[in-house]
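Biologist: Before I plan anything at the bench, I would like to go through this model with you. Could you take my questions one at a time and show the reasoning behind each reply?

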Amino acid sequence: MTERRVDVRDWLARVRVSGFVVIMLGLVVLGTFVLVPTVGTYMDQRQQIQALQSAVKVSQSEVEDLQMQRDRWSDPAYIRTQARERLGYTFPGEVVYLIDNDLPASATPQEQDDVSEDVGQTRTDWMAQLVRSVAASGAAQVAVPTIGVPDPTPAPETPAG
């Protein structure tokens, strides 16, 4: 088998490059350098927008809950019920009966044994529990912070001196 050698200089001599091709390649490279940072900035801004939209949804649900509570507290019957239940208020002339030990004997809590003074040793695999705990915390959903919105204007830099 004869080995055929290829001379790179011959191959390059046959390649014809026009000025148009050089200009187009230059524009492609320039466009890449111009667009890559702006695409990164665009992606960062989209992530910030998503985070802020989810924060707005959480805030809207909190506002709705607070409005429902406000509406409830504007009802005189609700206020009266809360005053009776929470604070024990009564109307003049009413008699309040307090009943102690109203549970049947079977439902009353049994007395607990005294705490032992002997130190006991549990037989658990603490390493496996640690790994499960770390894995479970890593799989948990992350809450979106609702406090603080990033300032779009950067702070003026102080000159070093």
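Biologist: How many Å² does the protein expose, and what percentage of that do carbon and sulfur atoms supply?

Modeller: Please keep in mind that this is a predicted model. Of the 161 residues of the protein, 2% count as buried. The exposed area comes to about 16300 Å², and the part of it that carbon and sulfur atoms supply is 59%.

Biologist: Which elements make up the secondary structure, and in what order do the elements run?

Modeller: The secondary structure consists of four helices, with zero strands. Read from the N terminus on, the order of the elements is therefore α-α-α-α.

Biologist: What span does helix α2 reach, and where in α2 does a kink lie?

Modeller: Helix α2 covers residues 19-73, which is 55 residues, and at 1.5 Å a residue one would expect 81 Å. From its first C-alpha to its last, α2 reaches 80 Å, close to that expectation. There is nevertheless a kink of about 25° in α2, shortly before the proline P37, and the residue at which it lies is L35.

Biologist: Which kind of aromatic pair do W73 and Y78 form?

Modeller: A search of the whole structure finds one aromatic pair, and in it the rings of W73 and Y78 lie 5.0 Å apart, centre to centre, with 85° between the planes. Because planes over 60 degrees apart fall in that class, the pair formed by W73 and Y78 is edge-to-face.

Biologist: Is Y78 buried or exposed?

Modeller: The cut-off for buried is under 20% relative accessible area. W73, its ring partner, is at 38% relative accessibility and so counts as partly exposed. Y78 has a relative accessible area of 18%, which means that Y78 is buried.

Biologist: Which residue forms a salt bridge with R84, and what parts does the pair tie together?

Modeller: Side chains of opposite charge can pair when their charged atoms come close. The closest N and O atoms of R84 and E94 are 2.8 Å apart. R84 lies in helix α3 and E94 in the loop between α3 and α4, so the pair ties together parts that are ten residues apart in sequence. R84 and its partner are both partly exposed at 35%, and that partner is E94.

Biologist: The structure holds two salt bridges, so which residue meets D71 in a salt bridge?

Modeller: D71 is partly exposed, at 45% relative accessible area, whereas its partner is exposed, at 54%. The N to O distance is 3.7 Å, and the side chain that meets D71 is that of R70.

Key:
Residues numbered from 1 in each chain as written. Predicted model: local features only at pLDDT ≥ 70, side-chain atom pairs only at ≥ 80, totals over all residues. Heavy atoms only, no water. Helix = DSSP H or I, 4+ residues; strand = E, 2+ residues; numbered from the N terminus. Buried < 20%, exposed > 50% of the residue type's maximum accessible area, 1.4 Å probe, protein only. Areas by Shrake-Rupley, 256 points an atom, 1.4 Å probe, with all protein chains shown as cover. Expected span 1.5 Å × (residues − 1). Bend = angle between axes of the 7 residues up to and from the residue. Phe/Tyr/Trp six-rings, centres within 6.5 Å; stacked < 30°, edge-to-face > 60°. Salt bridge = Lys/Arg side-chain N within 4 Å of Asp/Glu carboxyl O.
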